[in-house]
Amino acid sequence: MPRPETVDQALVEISKNAANYRHFFEVLNYPSWIAPLAARGRFHNPPEKVAVEGGVMFPPWPESQYLARMARIPSAQQEVLAIVQAMPETDNINVHNDLLDIAQALPAHDAAKLVSKARSWVRTPYHGLVKYHIGDLIAHLASGGETSAALQLARDAFALLPKNAKGDALSPEPDAWLDDWYYEEALKKTTPVLAKAEGQRALELFCNLLVQALELSRSPDDERHVDYSYIWHEAIEQDEHPPRLRNSLISAVRNTAEQSVAQAPENLTRALTVLRRYDWPVFKRLELDLLRRFPDIGIDQIVAVLP
C-alpha cells in the first residue's frame, strides 16, 4: 500500500497538466493503489460525452483504463467490481468500452452483477467497441453458468425497434441497437453457448425476436401472418448474405434448435413444441428443416406432417 503522502503528491503532480495525468494512469500497474485512489474519489466522476462543432466526442478516462488492467489480476477483482458497481452512469462510450473489458475479465458470477449496467452500454446510439464485444460478454456469462444474466443481456442486445423513416416502403425492416453486421456477429458468438447452456430458453428468445421482426416488417396491406420468407430467405438451411435482421434471426432459431437436439435427442419434441406456437410460415419451414436434419429420431413427427 503506498503511503498517504505519496498518493497525495502523485495527485498534485497529475493535476498540473494533461500529459502527467495520462502518463500516471498509463504506467500505473499496482493494485495497491486502487483503495487509496478510490478513497480520494478518483473513480466517482466518469466523464460524459462532449458536444463539439459538427458532433460529439467521447473523452477517454485514464482511471477506467487503469481499472480494466487491474481487473485481470485475481486479487484485485473484488475491489474493481465494488468500484464499478458504485460508479455513476455515463453516456461516454469510451468508458463503456473499459467497463465491458472489466466485466469480461471478471469471473462470470461477478460479471453477472454488472449486467444492469451493461444493458445501458448497448442501448445507446453510440457503441464504440461495445458493438464488437457485447456478444463475447453474453457468451462469457453463459459459459460460466450465469445463463439468466446472459439471456437478460441478450434480450437487450438483440432488442428490435420500430422501423424508421429510412426503411424501404416496399420491404420494411426493423431497426436494432446494433447494425445488421454487428447483430449477426453477436448472434454467432452467443447462439452456440446459449444453446448449450439453456437450449429451450434460448430458442424461445430467438423465436420471439423473429416474430417481432416479422411484425415490424409488415406493410399495412399485408395479410396477417404472411411473411414472404420464401422470397427474402429462399433456403432455410442456408444463411443469407448480406444478412438483414430477419435473416440473422432465422439462422439463430435454426442453429439453436439443431444444436439443442444434437446434444439431447429428447429435445426434439421440446423444440418442435416451441416452433409450433407460431403461425408464421417461416416457422413451419424451420420445423420441416429440423425434422430433415434428424430423420431417425423424428420419423413419427415426419409421418405426422406428411399429407
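How many nonpolar, polar and charged residues does the lining of the second largest cavity have? That was my opening entry, and I came to it by way of the cavity search below.

**Entry 1: the second largest cavity**

I am working on a predicted model. The second largest cavity has a volume of about 30 Å³. I listed its lining as V253, R254, A257, L275, L286, D289 and L290. Two elements, α13 (245-263) and α15 (281-293), each give two or more residues to that lining. By class I get five nonpolar, no polar and two charged residues.

**Entry 2: the largest cavity**

I searched the whole structure and found two cavities of 30 Å³ or more. The largest holds about 50 Å³ of space. Its lining consists of V84, M87, P88, E89, T90, H96, L99, K117 and W121. I asked which elements supply at least two of these residues. They are α6 (93-105) and α8 (115-122). Sorted by class, the lining has five nonpolar, two polar and two charged residues.

**Entry 3: α6**

Since α6 turned up at the largest cavity, I looked at the helix itself. Its 13 residues should span 18 Å at 1.5 Å a residue, and the end C-alpha atoms are indeed 18 Å apart. I noted I93, V95, H96, N97, D98, L99, L100, I102 and A103 as its buried residues. H96 and L99 are thus buried in α6 and also line the largest cavity. What do the buried residues of α6 pack against? I found α4 (62-70), along with α5 (77-86), α7 (108-111), α8 and α9 (130-143).

**Entry 4: α15 and its partner**

Next I went back to α15, one of the elements at the second largest cavity. It has 13 residues and reaches 19 Å from first C-alpha to last, close to the 18 Å expected at 1.5 Å a residue. Its buried residues are V282, F283, L286, E287, D289, L290 and L291. L286, D289 and L290 are in the cavity lining as well.

I then checked how α11 and α15 pack: the angle is about 145 degrees and the axes are 11 Å apart. On the α11 side I see C207, L210, V211 and L214, and on the α15 side V282, F283 and L286. By class this contact has seven nonpolar, no polar and no charged residues. L286 serves in this contact and in the lining of the second largest cavity.

**Entry 5: backbone oddments**

I looked for unusual backbone geometry. Is the peptide bond from H241 to P242 cis or trans? I read it as cis, with omega near -10 degrees. P242 sits in the loop between α12 (229-232) and α13.

Y228 caught my eye too, as a residue other than glycine with a positive phi, near 55 degrees. I placed Y228 in the loop between α11 (180-216) and α12. With a relative accessible area of 34%, Y228 is partly exposed.

**Entry 6: P59**

P59 lies in the loop between β2 (55-57) and α4. Buried or partly exposed? I noted a relative accessible area of 18% for P59, so it counts as buried, the cut-off being under 20%. Leaving out residues up to four places away in sequence, P59 touches P47, E48, K49, V50, N92 and N94. I also took one distance: the C-alpha atoms of P59 and E48 are 7.7 Å apart, with the two residues eleven apart in sequence.

**Entry 7: W177**

I located W177 in the loop between β4 (175-176) and α11. Its relative accessible area is 21%, so W177 is partly exposed. Among residues more than four places away in sequence, W177 touches V122, R123, T124, H127, D156, A159 and L161. I also looked across to I231, 54 residues from W177 along the chain, and got a C-alpha separation of 26 Å.

**Entry 8: the whole chain**

Last, I took the overall numbers. I count 16 helices and four strands in the protein chain. The C-alpha atoms fill a box of roughly 85 × 45 × 25 Å along the principal axes. Of the 307 residues in the chain, 47% are buried. For contacts between residues at least 6 apart in sequence, I noted that 71% join residues at least 24 apart.

Terms used
Residues are numbered from 1 along each chain as its sequence is written. This is a predicted model: local features need pLDDT of at least 70, side-chain atom pairs count only at pLDDT 80 or more; totals for chains, interfaces and linings use all residues. Side-chain values use heavy atoms; hydrogens and water are left out. On a 1 Å grid over the protein atoms alone, a cavity is a set of points where a 1.4 Å probe fits but cannot get out, and a pocket is an open set with protein on both sides within 12 Å along at least five of seven lines; lining residues have an atom within 4 Å of a point. Grid points are joined across faces, edges and corners, and a volume is the space filled by probe spheres set on the points. Ala, Val, Leu, Ile, Met, Phe, Trp, Tyr, Cys and Pro count as nonpolar, Asp, Glu, Lys and Arg as charged, and the others, Gly among them, as polar. Buried means under 20% relative accessible area, exposed over 50%, partly exposed in between (1.4 Å probe, protein chains only). Contact means heavy atoms within 4.5 Å. The expected span of a helix is 1.5 Å times one less than its number of residues. Axes are lines fitted to C-alpha atoms, for helices over the stretch in contact, and angles run from 0 to 180 degrees between N-to-C directions.
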